[in-house]
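Student: I would like to go through this structure one step at a time. Please start with how the pieces are counted.

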Amino acid sequence: MKAIIQRVMKASVTVGDETVGSIGQGLCVLVGISRHDTQREMDFIVRKILGLKLFDDESGNRWKKNLVDLDYEVLCVSQFTLESTLKGAKPDFHNAMSPDRSRGFYNQFLEALKSKYKPEKVQDGAFGEYMQVHIQNDGPVTIPIECVPTKPEDNKPAKGSSSEASKQGAGES
């Protein structure tokens, strides 16, 4: 599972002419789900989103507060293209979870985020729709997070990733 976390002044998602999700100051999170992701990876990403210290404190000291500390909002956008690999110049999406499975997984992810924070502070886009994401990045601050799933066939962490999850273990925050 991958998340591109952006500190924003505001962000919104539109489908056609309709705004389907909108936040003020907080985080915009682009979420990619791999075909091997489980509850373990989901829990890790939720902890990171809520725990990352990306904001200044009251005295202006950098990297001291997270969005929970400041009662900020989060806008999540499902983005299967995060799970792409390149074959020459063409993206290949075989690592992404299939749309029928990922819809339920993404909805569980949103519910987990809402249950650990405040449901009214969590917005999202429109799963599977062609969306326009409007982001006013603050800083800019953009943090990629990845939790490499354990492959079911060998029960070992996937190789080739220098992700934070591989370094720390998904059980830590």
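Tutor: Helices and strands are DSSP runs, a helix having at least four residues and a strand at least two, numbered from the N terminus. The model is predicted.

Student: Read along the sequence, which pattern does the chain follow?

Tutor: The chain has four helices and eight strands. Written in the order of the sequence, these elements give the pattern β-β-β-α-α-β-β-β-α-β-β-α.

Student: What share of the residues of the chain count as buried?

Tutor: Buried means under 20% relative accessible area. The chain has 173 residues, and the share that counts as buried is 41%.

Student: Among contacts in the chain between residues at least 6 apart in sequence, what share joins residues at least 24 apart?

Tutor: A contact needs heavy atoms within 4.5 Å. Among contacts between residues at least 6 apart in sequence, the share joining residues at least 24 apart is 70%.

Student: How far apart are the end C-alpha atoms of H1, and what span should its residues give?

Tutor: H1 has 13 residues, and at 1.5 Å a residue the expected span is 18 Å. The expected span uses one less than the number of residues. The distance between the end C-alpha atoms agrees with this, at 18 Å.

Student: Which residues of H1 are buried?

Tutor: The cut-off is under 20% relative accessible area. In H1 the buried residues are Glu41, Met42, Phe44, Ile45, Val46, Lys48, Ile49 and Leu50.

Student: Which side chain of opposite charge is nearest to aspartate 57, and how far away is it?

Tutor: Aspartate 57 sits in the loop between helix H1 (39–51) and helix H2 (67–70). A salt bridge needs a side-chain nitrogen within 4 Å of a carboxyl oxygen. Aspartate 57 is buried yet has no salt bridge, and the nearest side chain of opposite charge is lysine 64, 6.1 Å away.

Student: Which backbone nitrogen lies 2.9 Å from a polar atom of the side chain of aspartate 57?

Tutor: Leaving out residues up to four places away in sequence, aspartate 57 touches Lys64 and Lys65. The backbone nitrogen at 2.9 Å from a polar atom of its side chain is that of serine 59.

Student: How many salt bridges does the count come to, and which residues are linked in a network of them?

Tutor: The count comes to six salt bridges. Aspartate 71 forms one with lysine 118, where the closest N and O atoms are 2.6 Å apart, and one with lysine 121, where they are 3.4 Å apart. The linked residues are Asp71, Lys118 and Lys121.

Student: How many residues apart are aspartate 71 and lysine 121?

Tutor: Aspartate 71 is in the loop between H2 and E4, and lysine 121 is in the loop between H3 and E7. The pair therefore links distant parts of the chain, its members being 50 residues apart.

Student: Is lysine 121 buried or exposed?

Tutor: Within this network, aspartate 71 is partly exposed at a relative accessible area of 31%, and lysine 118 is partly exposed at 34%. Lysine 121 has a relative accessible area of 17%. The limit is under 20%, so lysine 121 is buried.

Student: Is aspartate 92 buried or exposed?

Tutor: Aspartate 92 meets lysine 87 in a salt bridge of 3.4 Å, N to O. Lysine 87 is exposed, with a relative accessible area of 55%. At 17% relative accessibility, aspartate 92 counts as buried.

Student: How many aromatic pairs are there, and why is the pair of phenylalanine 80 and phenylalanine 93 given its class?

Tutor: The count comes to four aromatic pairs. The ring centres of phenylalanine 80 and phenylalanine 93 are 4.9 Å apart and the planes are at 65 degrees. Planes over 60 degrees apart set the class, so this pair is edge-to-face.

Student: What class does the pair of tyrosine 106 and phenylalanine 127 have?

Tutor: The centres of these two rings are 5.9 Å apart, with the planes at 35 degrees. That angle is neither under 30 nor over 60 degrees, so the pair of tyrosine 106 and phenylalanine 127 is tilted.

Student: Which residues do ring pairs link into a cluster?

Tutor: Tyrosine 106 is buried at 2% relative accessibility, and phenylalanine 127 is buried at 16%. The cluster linked by ring pairs consists of Tyr106, Phe109 and Phe127.

Terms used:
Residues numbered from 1 in each chain as written. Predicted model: local features only at pLDDT ≥ 70, side-chain atom pairs only at ≥ 80, totals over all residues. Heavy atoms only, no water. Phe/Tyr/Trp six-rings, centres within 6.5 Å; stacked < 30°, edge-to-face > 60°. Buried < 20%, exposed > 50% of the residue type's maximum accessible area, 1.4 Å probe, protein only. Lys, Arg positive; Asp, Glu negative; His and termini not counted. Polar contact = N/O pair within 3.5 Å; in protein donor to acceptor, adjacent residues only side chain to side chain.
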